[in-house]
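Got the viewer open? Let's take a short walk through this one, selecting a piece at a time.

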Amino acid sequence: MRLFGCSATLVCGLVAPALAAEPGKAVGTITIHKATTTLSVAAETKVEGLFDSKKQDTLVVLSDKPLGATRPDDEIGLSMRARKGEMVVMALRIDGSTLVNVKISHEGLSGYVTLPGAWFQYTASKRGTGTLKLNPRTFDGRSYACAVEFAAAPAADPAAAAAPVPPPAAAKDPPPAK
């Protein structure tokens, strides 16, 4: 019987690292009013500090679908897509190492629901990387729960992506022969 316990521990130890999130990925789920969604995308950006406008907070966005052309700090764009059922969005606002709040947007919800960071179990090994867990909680008539590990990738700068690429330098004709 004791051998079985050791085998189970060994197997669990080997499986757990396979679930670790790779850069730009989330591994886990969010449950909203008994509907569970698998989260697979993690992006991060910097935003103006909530408590000090001279500092910047980290914003980590977790979703079940790629953000595409929508920036992680585009609350309106993300919430509109979520409201239409295109995606589920969790936006984690982190001040230093403290989870301030988590905004959640999903199908049928106009805007976001903002849950206090104190409700969550949050750990981070470095900026943009960590785990987030919320035991079932009810807010505004809906129940929420999540368990996810993430390794957010920095969001692409849409201005840099939209910048025109200069044409290649024209080839110069060789100097005339003398």
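**Stop one: a strand pair**

Select strand β5 (residues 98–105) together with β6: the two pair in the antiparallel sense, over 4 bridges. Keep in mind that you are looking at a predicted model. To pick out a rung of this ladder, click I104, whose bridge partner in β6 is V113.

Now show the side chains of β6, residues 113–116. Which residues sit on its covered face, and which on the uncovered one? V113 and L115 make up the covered face, while T114 and P116 are on the uncovered one. Why the every-other pattern? Because side chains in a regular strand alternate between the two faces of the sheet.

**Stop two: a residue in a helix**

Next, go to helix α2, residues 75–83, and select L78. Is L78 buried or exposed? It's buried: the relative accessible area of L78 is 0%, and the cut-off for buried is under 20%.

Leaving aside residues up to four places away in sequence, bring up what L78 touches: V61, L67, T70, R71, P72, M87, V89 and Y112. For a distance to try in the viewer, take the C-alpha atoms of L78 and S63: they are 9.9 Å apart, with the two positions 15 residues apart along the chain.

**Last stop: zoom out**

Color by secondary structure and you should find 3 helices and 10 strands, running in sequence as α-β-β-β-α-β-β-β-β-β-β-β-α. Of the 178 residues in the protein, 36% are buried. Switch on the surface and the protein exposes about 11,200 Å², with carbon and sulfur atoms supplying 59% of that.

Key
Residues are numbered from 1 along each chain as its sequence is written. This is a predicted model: local features need pLDDT of at least 70, side-chain atom pairs count only at pLDDT 80 or more; totals for chains, interfaces and linings use all residues. Side-chain values use heavy atoms; hydrogens and water are left out. Buried means under 20% relative accessible area, exposed over 50%, partly exposed in between (1.4 Å probe, protein chains only). Contact means heavy atoms within 4.5 Å. Accessible areas come from the Shrake-Rupley method with a 1.4 Å probe; for residues, only the protein chains shown count as cover. Two strands pair if DSSP finds at least two bridges between them.
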